[in-house]
Amino acid sequence: MAATDVVEVEENVEHPAKNPPSALKSFLAGGVGGVCLVASGHPLDTIKVRLQTQPKDAPLYSGVIDCAKKTISKEGFKGLYKGMTAPIIGITPLYAVCFWGFSIGKKLQIKNPNDVLTPLQNWNAGMLAGVCTTVIMAPGERIKCLLQIQSGGDSSKVKYAGPVDCAKQIYKEAGLFRGIYKGTCATLLRDVPASGMYFMSYELLLENITPAGQTREQLSPLRILFAGGTAGIFNWMVAIGPDTLKSRLQTAPEGTYPKGIRSVFKELVRNEGPSALFRGLTPVMVRAFPANAACFLGYEFAMRFLNWLLPNF
């Protein structure tokens with residue numbers, strides 16, 4: 001083979017960060033990835049929220065395993081899946097919008113189709129994705145957290161019968177913005193930098209683990225799982241502190257924190273110390289790898305299917 005042929009072949013090999021897929025394909029594939037994430041990670045998310053919101057003076061659980069045991073003992077395995085309806089309903093559009101926002105963010109920074117995005121550019125695109133998802137994420141997180149902290153099997157002591165009933169009661173008590181969208185700024189504080197880290201680390205890992213001569217669509221499931229799971233861990237390394245503040249704010253009775261997340265931060269650090277920001281870290285990290293590995297695997301295979309179905313779109 002001539003040297004010019006070698007160069008031509010190399011130029012035709014698609015770099016993982018080149019040629020961002022269409023926004024519509026990213027939207028559809030992102031929804032598939034989101035469903036995979038929720039189905040695999042919700043039980044540990046429930047444990048995380050319960051650990052984050054339990055009272056300091058009379059803690060209900062000593063740790064992750066104790067929380068899981070007590071939840072299963074009192075409420076059965078379904079207790080670990082409490083509040084899952086809300087994220088399942090919201091997760092398809094949420095992750096669809098998330099990956100759509102990331103795709104748009106990449107396209108805004110590309111001058112020609114073969115440009116390779118830098119890690120900073122992927123970070124910027126990821127932050128745009130975080131902004132895009134907040135409109136959907138904030139009310140879903142509010143409802144999810146309120147349902148997750150309901151413990152016990154006695155239905156007479158349960159305030160909310162389900163996500164729809166929870167949304168109705170919140171709206172009746174506090175309205176749309178002070179009720180349903182309570183914690184929006186806290187959600188932005190968590191998701192904007194965390195999404196930047198999420199997508200930047202994923203794209204950087206894909207770039208480094210793609211064998212020479214292979215395209216992104218030729219990567220094995222194992223490599224995708226590794227990159228996606230690791231990206232999930234990096235995401236939560238950034239997100240865990242703001243997430244604790246968000247959970248406290250969204251589950252507190254109306255009027256508890258008059259200045260919002262600033263009041264939560266001051267009270268938490270004063271009463272429990274800075275380490276309280278990282279409460280629930282263990283279940284988060286245990287959940288982060290498999291849940292986000294499943295998310296990106298679902299996304300990549302959905303994208304492969306869409307590229308096969310609509311190759312020129």
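**View 1. Trp-308 and its ring partner, Phe-305, in helix H11.** Trp-308 is exposed in this predicted model, with a relative accessible area of 62%, and the cut-off for that label is over 50%. Its partner here is Phe-305, and both residues sit in helix H11, three residues apart, or about one turn of the helix. How far apart are the ring centres of Phe-305 and Trp-308? They are 5.8 Å apart, and with the planes at 35° the pair counts as tilted. Phe-305 has a relative accessibility of 45%, so Phe-305 goes down as partly exposed.

**View 2. A charge over a ring: Arg-304 and Phe-301.** Here we look at Arg-304, which lies over the face of Phe-301. The distance to the ring centre is 4.6 Å.

**View 3. Tyr-202 and Phe-296, a stacked pair.** The ring centres of Tyr-202 and Phe-296 are 3.7 Å apart, and there is an angle of 15° between the planes. That makes the pair stacked, because planes under 30 degrees apart get that label. Which helices does the pair link? Tyr-202 belongs to helix H8 and Phe-296 to helix H11 (residues 281–309), so the pair ties together parts that are 94 residues apart in sequence. Are these two rings buried or exposed? Tyr-202 has 1% relative accessibility and counts as buried, and Phe-296, also at 1%, counts as buried too.

**View 4. The aromatic cluster around that pair.** Pull back from the stacked rings and you find Tyr-202 and Phe-296 in one aromatic cluster. The other members are Tyr-95, Phe-99, Phe-102, Tyr-198, Phe-199 and Tyr-299. For the model, the count of aromatic pairs comes to eleven.

**View 5. Helix H5 against helix H8.** This one shows helix H5 (residues 119–148) packing on helix H8 (residues 184–209). Their axes are 6 Å apart, and the angle is about 140°. The two helices are therefore oblique to each other, since roughly antiparallel would take an angle over 145 degrees. The crossing of H5 past H8 is right-handed. What kinds of residue make up the contact? Sorted by class, there are 14 nonpolar, nine polar and four charged residues where H5 meets H8.

**View 6. Helix H9 against helix H11.** The axes of H9 and H11 come within 7 Å of each other, crossing at roughly 135°. That makes H9 oblique to H11. H9 passes H11 in a right-handed crossing. The contact between H9 and H11 has 19 nonpolar, five polar and three charged residues.

**View 7. Gln-250, a buried residue of helix H9.** Gln-250 has its place in helix H9 (residues 221–251). With 0% relative accessibility, Gln-250 counts as buried. How far is Gln-250 from Phe-278? Along the sequence the two are 28 residues apart, and in space their C-alpha atoms are 17 Å apart.

**View 8. Asn-112 in the loop between H4 and H5.** Where does Asn-112 lie? Asn-112 is in the loop joining helix H4 (85–108) to H5. Its relative accessible area is 35%, so Asn-112 counts as partly exposed. For a sense of distance, take Asn-122, ten residues from Asn-112 along the chain. The C-alpha atoms of Asn-112 and Asn-122 are separated by 16 Å.

Methods
Residues are numbered from 1 along each chain as its sequence is written. This is a predicted model: local features need pLDDT of at least 70, side-chain atom pairs count only at pLDDT 80 or more; totals for chains, interfaces and linings use all residues. Side-chain values use heavy atoms; hydrogens and water are left out. Axes are lines fitted to C-alpha atoms, for helices over the stretch in contact, and angles run from 0 to 180 degrees between N-to-C directions. Helices (H or I, at least four residues) and strands (E, at least two) are DSSP runs, numbered from the N terminus. Angles under 35 degrees count as roughly parallel, over 145 as roughly antiparallel, 65 to 115 as roughly perpendicular and the rest as oblique. A crossing is left-handed if the near helix is turned anticlockwise from the far one by less than a right angle, and right-handed if clockwise. Ala, Val, Leu, Ile, Met, Phe, Trp, Tyr, Cys and Pro count as nonpolar, Asp, Glu, Lys and Arg as charged, and the others, Gly among them, as polar. Rings of Phe, Tyr and Trp (its six-membered ring) pair if their centres lie within 6.5 Å; planes under 30 degrees apart count as stacked, over 60 as edge-to-face and the rest as tilted. Buried means under 20% relative accessible area, exposed over 50%, partly exposed in between (1.4 Å probe, protein chains only). A charge sits over a ring if NZ of Lys or CZ of Arg is within 6 Å of the ring centre and within 35 degrees of the ring normal.
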